Amino acid sequence: MLTDLQIAANVSGRKIASVNPATGELLREFECATEPEVQATVERARVAQPAWAELGIRRRLDLVSKFQRLLHQKKSELAQLVTREAGKPYVEALLTEVLVVLDAARFLIENAYRMLRDDPVPHGNLAMKTKSGHLVREPYGVIGIISPWNYPFSIAATDSLAALVAGNAVVVKPSEFTSLTAMELASLLHEAGIPEDVFQVIVGDGATGAALTNAAIDKLVFTGSVSTGKRIAQAAAARLLPVVLELGGKDPMLVLDDANVEIAASGAVWGAFVNAGQACLSVERCYVHRSLYEPFLEACVRKTGELRVGNGTDPETDIGPLIRERQLRNVESQVEDARAQGARVLAGGKRLPELGANFYAPTVLADATPGMRIMREETFGPVLPVTPFESDEDAVRLANDSEYGLAASVWTSDRTRGEALARRVQAGTVMVNDVVSCFGISEAPHGGVKASGIGRSHGRLGLEEMVRIKYLDADRLPGVEKVWWYGYGKNFTRQMEGLLDLQFARGLGRRLRGAVRAAGALKGKHRRSEIK
Ligand code: NAD
């Protein structure tokens, strides 16, 4: 039976639009790619991929270097486009979109050749010493990438670069809100020399994404919400399509009793409000030791009061708009729910209609309690809800009391204590004394546990997601029959018992006796008929 999404994907004429969230200006309208168009795109990628893989990693990395140079030359235009389409301040676009991708390219240029090389697999089992094993990394073929709007360039680009370097062809389905940025990525990659059919973008909505999931791709890398991730996992399970799922988060920040209040408050305010809180790694829940609670709140309110909300094109702007009005309504309803249940709104807590339809004031909430929606559901807006805790035990329990597990942070002046506590927090990444910036460390794997996802992007582990592992084994003595082949019998059984004793018996004597018995096997096999 076709789902509603599949039916929709067959229908042509569905439209999506890129709209500037700060001004409401329509940037461009697109027709959604239909299911047949998606299938044809994937087919072109499949045809183009073998030659791309044949090219070899050094040549592919040369093209990545060229892409890196072009991106650096066009950094301002690219960042401006991201600001116009996604709303974030221009300087954030430079740092979290352009710089992250330039550095991801640097990481691949420096490391991918070594990381994708065959690895020898030494054998410990005595019986297998005559064999030479290798891990061989092969491209999957065609990798589908479905990406969100909140980091429209860096997410699609970092995943695509890793997939391409590993020898795959790539088809990207960007968010329906940020198609222009994805098209710019395509034009930079093509200008660098990556063949058009090796990297393609299909624009469209959720139904187009579903069509890509169901098309003849070999792996899917999805970044987006938990609810979409679950639908994709179900569709993928039906055909055992491998997937990486980078999903939402409800990242806790733990401020221990020895933390520097001013520093931690600055970190909290930036971590909660960067990209208007629309970051998967943003501070979504803040737990502060009771002894620092009031001074911490005071510092957060003071620092929040200094922030300027506005159009991201203005260099003085700290916080831009939310992506769409629907997003605003969700933030608003979580804040109202918290307020109704006794949370104190110390800053913000309201829309800013004088700036435009999508602006929400950066909000600090005190006395949030674990049952409130604001402490359980992903907010994805500029809200910092704060709760006191009594002990480190208490802090760990509160941090782990969530269905999510993307990232977390621990704030303390004692790094050893911070790292010890970090090991007890259930998350894909825990930072001590910083937040969010782990996304900019190209060597660091990114991904979640629990509902925050499956698999990893970035770094060595992200690159490994883009290849199939083949175990290749070659026998060094091809002219010799193997002792474990047929020819079973009493003699052989005794020899093999000896082999087990040689390797695993306790005591030198038993091992030596085992060796003597096993040595018989080296003389070669006796056919049953030969055994008298
Ligand atoms: P979303 O799930 O609504 O959409 C993500 C992408 O999936 C879009 O391209 C969308 O068109 C597509 N899509 C929607 N329905 C689909 C379907 N049935 N089949 C296939 N594709 C479908 O998410 P969003 O609102 O664009 O992004 C915000 C979410 O992404 C937040 O939850 C955020 O935490 C998460 N996110 C996670 C990470 C991470 O690395 N873990 C990074 C950024 C954002």
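Which residue in S14 does Tyr 287 stand opposite? Tyr 287 faces Thr 387 there, and this pair is a good place to enter the structure. The model is a predicted one, in which local features need pLDDT of at least 70 and side-chain atom pairs count only at pLDDT 80 or more, while totals for chains, interfaces and linings use all residues. Residues are numbered from 1 along each chain as its sequence is written, and side-chain values rest on heavy atoms, with hydrogens and water left out.

The two strands that hold this pair are S11 (residues 285-289) and S14 (residues 383-389), which run in the parallel sense and are joined over four bridges. Strands, like helices, are DSSP runs numbered from the N terminus, a strand being E over at least two residues and a helix being H or I over at least four; two strands are said to pair if DSSP finds at least two bridges between them. Strands of a sheet pair through backbone hydrogen bonds, either parallel or antiparallel. S11 and S14 belong to an open sheet of seven strands, with mixed pairing and the order S12-S13-S14-S11-S10-S15-S16. Strand S12 (344-347) and strand S16 (429-432) stand at the edges of this sheet with a single partner strand each, so one side of each has no neighbour in the sheet. On average, neighbouring strands here are turned by 25° against each other, direction ignored, where the axes are lines fitted to C-alpha atoms and angles between N-to-C directions run from 0 to 180 degrees.

A second open sheet has three strands in the order S3-S4-S18, and its pairing is antiparallel. Its edge strands are S3 (119-121) and S18 (467-475), each of which pairs on one side only, and the twist from one strand to the next averages 30°. S3 pairs with strand S4 (residues 131-139) over three bridges, and within that pairing Val 121 has Gly 133 in S4 as its bridge partner.

Strand S4 also contributes to a contact between side chains, since Glu 138 forms a salt bridge with Lys 470, whose closest N and O atoms are 2.8 Å apart. A salt bridge is here a side-chain nitrogen of Lys or Arg within 4 Å of a carboxyl oxygen of Asp or Glu. This pair links distant parts of the chain, with Lys 470 in strand S18 and Glu 138 in strand S4, 332 residues apart. Lys 470 counts as partly exposed because its relative accessibility is 37%, the class that lies between buried (under 20% relative accessible area) and exposed (over 50%), as found with a 1.4 Å probe and protein chains only. Glu 138 is likewise partly exposed, at 28%.

The structure holds 39 salt bridges, and another of them joins Arg 351 to Glu 332 at 2.7 Å, N to O. Arg 351 lies in the loop between S12 and strand S13 (363-366), whereas Glu 332 is in helix H12, 19 residues apart from it. Both residues are partly exposed, Arg 351 at 24% relative accessibility and Glu 332 at 23%. Elsewhere, Asp 103, Arg 106, Glu 110 and Glu 443 are joined into one network by salt bridges that share partners.

Toward the start of the numbering, strand S1 (residues 15-19) and strand S2 (residues 26-31) pair in the antiparallel sense over five bridges, with Ala 17 having Glu 29 in S2 as its bridge partner. S1 and S2 form a hairpin with six residues between them, and Gly 24 in the turn has a positive phi of about 80°.

The ligand remains to be placed. It is surrounded by 30 residues, of which the closest are Glu 176, Ser 225, Leu 247, Glu 378 and His 446; a residue counts here if one of its heavy atoms lies within 4 Å of the molecule. Several polar contacts (pairs of N or O atoms within 3.5 Å; within protein, one must be able to donate a hydrogen and the other to accept it, and residues adjacent in sequence count only if both atoms are side-chain atoms) can be followed from the ligand. An oxygen atom of the ligand is 2.5 Å from an N or O atom in the side chain of Glu 378, and a polar side-chain atom of Lys 173 lies 2.7 Å from an oxygen atom of the ligand. On the backbone, a polar atom of Leu 247 is 2.7 Å from a nitrogen atom of the ligand. Of the 850 Å² of accessible area that the ligand has on its own, the protein covers 90%, as computed by the Shrake-Rupley method with a 1.4 Å probe.
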